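Q: I'd like a close look at one part of this model, taken slowly and residue by residue. Could you walk me through it?

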Amino acid sequence: MSEAPLLIVDDLKVHFPVPQPGLFSAPRPLKAVDGVSFTLASGETLGVVGESGCGKSTLGRAILRLIPTTAGRAIFAGEELTALSEAQMRPRRRDLQIIFQDPLASLDPRMTVGDIIAEPLQSFLPELDAAQRRAKVSAMMNRVGLSPQMISRYPHEFSGGQAQRIGIARAMILEPKLIVCDEPVSALDVSIRAQILNLLSDLQRDFGLSLLFISHDLAVVRHVSHRVLVLYLGKIMELAETETLNRRPRHPYTRALLSAAPIPDPSLERDKERLMIGDDLPSPLDPPSGCVFRTRCPKAAEKCAHEVPALAARGAEDGSVVACHFPD
Amino acid sequence: MIGYVLRRLAGAIPTLFIIVAVAFFMMRAAPGGPFDGERKLPPEIERNIKAAYDLDKPLVTQFGLYLGRLLTGDFGPSFKNKDFSVGELIAAGAPVSLRLGLSAITIAALIGMALGIIAALNQNRATDFSVMSAAMIGITIPTFVTAPLLTLLLGVYAGWLPVATWNNGALANMILPVTVLALPQIAVISRLTRGSMIEVLRSNFVRTARAKGLSEFTVVTRHALPAALLPLVSYLGPATAALVTGSLVVEQIFQLPGIGRYFVLGALNRDYTLVMGVIILYASLIIALNLIADVLYAVLDPKVRLA
């Protein structure tokens, strides 16, 4: 990856003000994303993994400017998205798309599938006439595995998997460069997941797409990603090649996540060593001092409470980074 | 769709029958009668009058006779407005009330929706708070306060508008009563619109619309608004029925020849047939407008199938 990355995220912060009880208490910031930096190359899939509430979805939406950022930058193809006004951002959405977790609720129930998929075309390619639009929509429906005969149906007539295919077709119709996949298969049946994941992989190969693949399911992320970013309470814990992460997870949190992912072999699954981290996620309103993971970390020491571990190579030579004072 | 409408209309017949029956017997159960006055009538005159209006027959027979006439479209004579039949009174008053009510609800829907949308798009900002406070005031101040106040200010002091005349519904004469009727409706409709609009603006498909890169105008008008209007449709049906059947307060204050006052005055005077006539009109309107609301629902929401 010698060429310039397609997307550079630099110290991105998204803080939500949370109103406090009491008339004159100032709202406290909820640090949903707190200083996240990474790059994404053209044609690459970066997996973002972490448990509920760690800021995965917020990160994806903040990059697309669907929610306001507090600080930091997101630079797409050399252009700083975070510096653009709402109106300046609109034309960029042609290249930056998103697929949502709840496929059915994300489709306007009052529009036909054809209209849903064609709407971005009307907006960005107004020179196309209705027949050309329809042809493009039909072709894209075919491409994502939907029969073009269903073009006049309404969303509620589709299953979850089909609805997600509609969502993908809608995102793909303008042939964007980057798609944020926000838990695209979490709401789907296990039997449908593989189909959708394979479809995404095929589209990535054919169109040279970059994917930011967000999921709480490490097994899914490992399957599709070139690199994996592990997020905890809005901060990066570890960022490594998928292969490296599988073989040698260095952050205790990554190891806990990996050990929680089931192995599809009963005897291996029984014998596997499980790393339990107990307890629930600490409140993001009141994160622990020092290392945010220390309250659940089996290796936590005095130092962890005082000093925030920087995200650094810490001896690794393959470009992976980890935020831990005592990495494996 | 046509089958559905026909079936709903057929279903309205037993509903109307029950309403007519309950209203009929409740009216008769109230003490006093249409011909009771300060002075007691001589018994033979009272007997004559009662015989003329069938009031001397058993109640069930009276009900049967009334129903029989009703089926031929005859609402009977008014007991109090001599020489007028109920049909004539309603025919004279209904166009006035209809015109006032439809104007008021149309204006209220347009202004209320616009205010609600503006408030929702500026949620928790100054615009939102001022629109919603004004709406709260509009809901809490009754028409018997706004009507005389506006008359006093715009009619008497400023002299811009005519006071308390109908003048065959000239525009200048319509302004005050329509405004008074529309104000509370504007308040309710703007609050309803704001509430459902805020909910819809947070929904996933609106987020998708934004992610598509559509303009905010398109997001609001094409995606959010049709969804947000659904709850409004079911409110507008009965609200329209209530407005077009007139308002006693507004008709009294502005001296309008509508049918709203027939209902209250008829009930007070025990003008049995007149009250029945207005009840039947009101009930039919409610049934019809609810049916229209349901059909509109199906048009606005493809998930609703009328079968």
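Leaving aside its neighbours within four places in sequence, which residues is V144(A) in contact with?

A: Happy to take you through it. Please keep in mind that this is a predicted model. Once the neighbours within four places in sequence are set aside, V144(A) is in contact with R165(A), I168(A), A169(A), M172(A) and L199(A). V144(A) itself sits in the loop between α4 (130–143) and α5 (160–172) of chain A. Although it is a loop residue, V144(A) counts as buried, because it has 23 C-beta neighbours inside 10 Å and the cut-off for buried is 20 or more.

From here we can step over to strand β7 of chain A. L178(A) is 34 residues away from V144(A) along the chain, and their C-alpha atoms are separated by 17 Å. Strand β7(A) covers residues 178–182, and 5 of its 5 residues are buried, so the strand is largely enclosed by the rest of the structure. In a regular strand, side chains alternate between the two faces of the sheet. In β7(A), L178(A), V180(A) and D182(A) point one way, while I179(A) and C181(A) point the other way. Residues pointing either way are buried.

Now for the partners of this strand. β7(A) pairs in the parallel sense with strand β6 (residues 96–99) of chain A, over 4 bridges. Here I99(A) stands opposite C181(A). β7(A) also pairs in the parallel sense with strand β8 (residues 210–215) of chain A, this time over 5 bridges. In that pairing, D182(A) has I214(A) as its bridge partner. Helix α6 (residues 190–207) of chain A joins β7(A) and β8(A) in a right-handed β-α-β unit.

Elsewhere in chain A, helix α9 (residues 252–260) has buried residues too: P252(A), Y253(A), T254(A), A256(A) and L257(A). Among the elements covering them are β3 (45–49), α7 (218–224), β9 (227–232), β10 (235–241) and α8 (242–247) of chain A.

Finally, a look at the second chain. In the contact between the two chains, 19 residues of chain B meet 21 residues of chain A. On the chain B side, the elements that give two or more residues are α8 (204–211) and α9 (216–228) of chain B. The largest share, 7 residues, comes from α8(B). Sorted by class, this side of chain B has 8 nonpolar, 6 polar and 5 charged residues.

Methods: Residues numbered from 1 in each chain as written. Chains lettered and ligands numbered in written order. Predicted model: local features only at pLDDT ≥ 70, side-chain atom pairs only at ≥ 80, totals over all residues. Buried ≥ 20, exposed ≤ 12 C-beta atoms within 10 Å, placed from the backbone. Pairing = 2+ DSSP bridges. Right-handed = clockwise from strand over helix to strand, strands pointing away. Contact = placed C-beta atoms within 7 Å. Nonpolar A, V, L, I, M, F, W, Y, C, P; charged D, E, K, R; others polar.
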